[in-house]
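Please open the model in your viewer with side chains available for display, and follow the stops below in order. Each one suggests a selection and then describes what is found there.

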Amino acid sequence: MGVGQQWSRPARRRRPMRTGLVFAGFGVVLCCVGVAGLGAWNLQTVRQAAGPIRETADGFLGEMTVGDTDGAYERLCKDARSKWSAIGFTSWVRTPPMVTDYEITDVSVSTRGGRPHGTVTVRLTRAGGTSEERQLPVVREGGDWRVCGDPF
């Protein structure tokens, strides 16, 4: 009697296309999760900044309207304080027509280079009743929000 052939498992067909699609799908899902995470982080940063930016602008403008120029000067950013001395700022603010009232109409927050900054749109009322709309730039400096630029 003869020796029978040994049984062997049939060779599996290779499916490189399926493997490639699985890895590509995994990569796409991973990228989508990353983009969604970054978007959520950016949104959270912007939303958290809107309140303090409004408070900074409100405090600055409140001090300006009551004549507390020293307090308002302290709320300026380093760049703005390098352009204005405290005395020069005070004389500039007290030059007629002085600001007598204000209304914050909009606060917008965006990020630039991963750092949030804001723009506060405000309607200023000056002595004599004239009003004008201005934009007040607010930046984060040393952990605090500061008014930066020429608001008037």
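Begin by selecting R123 and E133, whose side chains meet in a salt bridge with a distance of 3.3 Å from N to O. R123 belongs to strand 2, which covers residues 115–126, while E133 belongs to strand 3, which covers residues 131–141, so the bridge ties together parts that are 10 residues apart in sequence. Neither name falls in the buried class: R123 is partly exposed at a relative accessible area of 33%, and E133 is partly exposed at 47%. Please keep in mind throughout that this is a predicted model.

Next, add E132, R126 and R134 to the selection. The side chain of R126 meets that of E132 in a salt bridge of 2.6 Å, taken from N to O, and R134 also forms a salt bridge with E132, where the closest N and O atoms are 2.8 Å apart. E132 therefore appears in both of these bridges, one with R126 and one with R134. Which of these residues are buried and which are partly exposed? R126 is buried, because its relative accessible area of 12% lies under the 20% cut-off, whereas E132 counts as partly exposed at 23% relative accessibility and R134 is likewise partly exposed, with a relative accessible area of 27%.

How many salt bridges does the count come to? The total is 7 salt bridges, and a further selection shows how some residues join up: R81, E141, D144 and R146 are linked in a network of salt bridges.

Stay with R146 and centre the view on this residue, which is placed in strand 4. At 18% relative accessibility R146 counts as buried, and besides belonging to the salt-bridge network with R81, E141 and D144, R146 reaches with its side chain to the backbone oxygen of E74, at 2.5 Å. If you display the surroundings of R146, leaving aside residues up to four places away in sequence, you will find that R146 touches T56, E74, R75, L76, C77, R81, P137, V138, V139 and E141.

One of the residues touched by R146 is C77, and C77 is the natural selection for the next stop, together with C148. How many disulfides does the structure hold? There is 1 disulfide in the structure, formed by C77 and C148 with their sulfur atoms 2.0 Å apart. The pair links distant parts of the chain, since C77 sits in the loop between helix 2 (69–74) and helix 3 (78–83) and C148 sits in the segment after strand 4 (144–147), the two being 71 residues apart. Rotate the view to look along the S-S bond: with 60° about that bond, the link of C77 and C148 is right-handed. Both C77 and C148 are buried.

Now move to helix 4, residues 86–93, and select F89, T90 and V93, which are buried. Looking down the axis of helix 4, you will see its buried residues fall within an arc of 100°, so they line one face of the helix. The general background is that an α-helix has 3.6 residues a turn, so residues three or four places apart point the same way.

For the last stop, turn to the aromatic rings, of which a search of the whole structure finds 4 pairs. In the pair of F60 and F89, the ring centres are 6.4 Å apart and the planes lie at 45°, so this pair is tilted. The pair links distant parts of the chain, with F60 in helix 1 (residues 16–66) and F89 in helix 4, 29 residues apart. F60 is buried at a relative accessible area of 0%, and F89 counts as buried at 1% relative accessibility.

Then select W84 and W92, whose rings have their centres 4.5 Å apart and their planes at 25°, so this pair is stacked. W84 is partly exposed, with a relative accessible area of 21%, and W92 is partly exposed too, with a relative accessible area of 24%. To finish, show F60, Y73, W84, F89 and W92 together, as ring pairs link these residues into a cluster.

Key: Residues numbered from 1 in each chain as written. Predicted model: local features only at pLDDT ≥ 70, side-chain atom pairs only at ≥ 80, totals over all residues. Heavy atoms only, no water. Salt bridge = Lys/Arg side-chain N within 4 Å of Asp/Glu carboxyl O. Helix = DSSP H or I, 4+ residues; strand = E, 2+ residues; numbered from the N terminus. Buried < 20%, exposed > 50% of the residue type's maximum accessible area, 1.4 Å probe, protein only. Arc of directions from axis to C-beta. Disulfide = S-S within 2.5 Å. Polar contact = N/O pair within 3.5 Å; in protein donor to acceptor, adjacent residues only side chain to side chain. Contact = heavy atoms within 4.5 Å. Phe/Tyr/Trp six-rings, centres within 6.5 Å; stacked < 30°, edge-to-face > 60°.
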